[in-house]
Amino acid sequence: MLLLASAAGRDASRIGEAVRYFVASAAALALDATLLWFGVTRLGLPAWFAGAFAYAAGLVLVYGLSVRWVFARRAVSDARSEFVVFAALGLFGMVLNSGTLYVATSVGLALPLAKGLSAAIGFVANFISRKTILFSARAS
């Protein structure tokens with residue numbers, strides 16, 4: 001019985017982390033989109049440049065929220081190393097997202113549906129990889 005209660009507690013903790021990670025990711029996306037829009041429409045920056053800056057700002061925001069609010073444990077004690085791995089996993093998620101978008105639109109899925117699918121897959125991949133590699137139960 002104690003084993004079942006422990007497993008249920010871990011599941012509830014993971015669900016809580018997933019919900020908080022979703023909120024953090026949504027905040028990062030909002031920052032990313034806002035900075036992209038502002039950079040292109042108000043500052044006249046090229047979209048690729050504004051997009052890179054906006055993506056980096058979103059990455060920093062989601063990292064900060066992840067270490068302070070989303071995840072209960074950290075497996076890496078050096079914050080700089082942790083951020084580098086966090087960013088690398090995010091880039092993997094971005095490649096997965098872009099690949100999914102490419103395949104989905106290539107087979108005729110409407111762009112909004114393809115984007116929704118690619119965003120969902122990217123979110124799940126980022127959450128699982130970051131949880132497993134950086135924010136697992138291992139001691140720092």
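## Getting to know a four-helix chain

In this chain, 68% of the contacts (heavy atoms within 4.5 Å) with a separation of 6 or more come from residues 24 or more positions apart. The model is predicted, so to say: local features need pLDDT of at least 70, side-chain atom pairs count only at pLDDT 80 or more, and totals for chains, interfaces and linings use all residues. Residues are numbered from 1 along each chain as its sequence is written, and side-chain values use heavy atoms, with hydrogens and water left out.

**Exercise 1. Describe the chain as a whole.**

Step 1: Start with the elements. The chain has four helices and zero strands, in the order α-α-α-α from the N terminus. Helices (H or I, at least four residues) and strands (E, at least two) are DSSP runs, numbered from the N terminus.

Step 2: Turn to burial. Of the 140 residues, 30% are buried. Buried means under 20% relative accessible area, exposed over 50%, and partly exposed in between, with a 1.4 Å probe and protein chains only.

Step 3: Look at the surface. About 8,700 Å² is exposed, and carbon and sulfur atoms supply 75% of that area. Accessible areas come from the Shrake-Rupley method with a 1.4 Å probe, and for residues only the protein chains shown count as cover.

**Exercise 2. Check the span of α3, then find what covers its buried residues.**

Step 1: Work out the span. The expected value is 1.5 Å times one less than the number of residues. The 28 residues of α3 should therefore span 40 Å, and the end C-alpha atoms are 40 Å apart, which agrees.

Step 2: List the buried residues. Among them are Glu82, Phe86, Leu89, Gly93 and Thr100. Their cover includes α2 and α4.

Step 3: See what comes next. Gly108, with a positive phi near 100°, follows α3.

**Exercise 3. Compare two residues of α3, Asn97 and Leu96: is each buried or partly exposed?**

Step 1: Asn97 lies in α3. With a relative accessible area of 15%, Asn97 is buried. Leaving out residues up to four places away in sequence, Asn97 touches Lys115, Ser118 and Ala119.

Step 2: Leu96 also belongs to α3. A relative accessible area of 28% makes Leu96 partly exposed. With residues up to four places away again left out, Leu96 touches Ile121 and Ala125. The C-alpha atoms of Leu96 and Ile121 are 7.7 Å apart, although 25 residues separate the two along the chain.

**Exercise 4. Place Leu61 and Lys131 in their surroundings.**

Step 1: Leu61 sits in α2 and is partly exposed at 29% relative accessibility. Beyond residues up to four places away, Leu61 touches Ala27, Ala28 and Leu31.

Step 2: Lys131 sits in α4 and counts as buried at 19% relative accessibility. Apart from neighbours within four places in sequence, Lys131 is in contact with Glu17, Phe71 and Ser136.

**Exercise 5. Describe the largest pocket.**

Step 1: The largest pocket has a volume of about 800 Å³. Of its 24 lining residues, Leu29, Tyr55, Asn97, Lys115 and Asn126 are the closest to its centre. The elements giving two or more residues to the lining are α1 (2-42), α2 (47-70), α3 (79-106) and α4 (111-133).

Step 2: Fix the terms. On a 1 Å grid over the protein atoms alone, a pocket is an open set of points where a 1.4 Å probe fits, with protein on both sides within 12 Å along at least five of seven lines; lining residues have an atom within 4 Å of a point. Points are joined across faces, edges and corners, and the volume is the space filled by probe spheres set on them.
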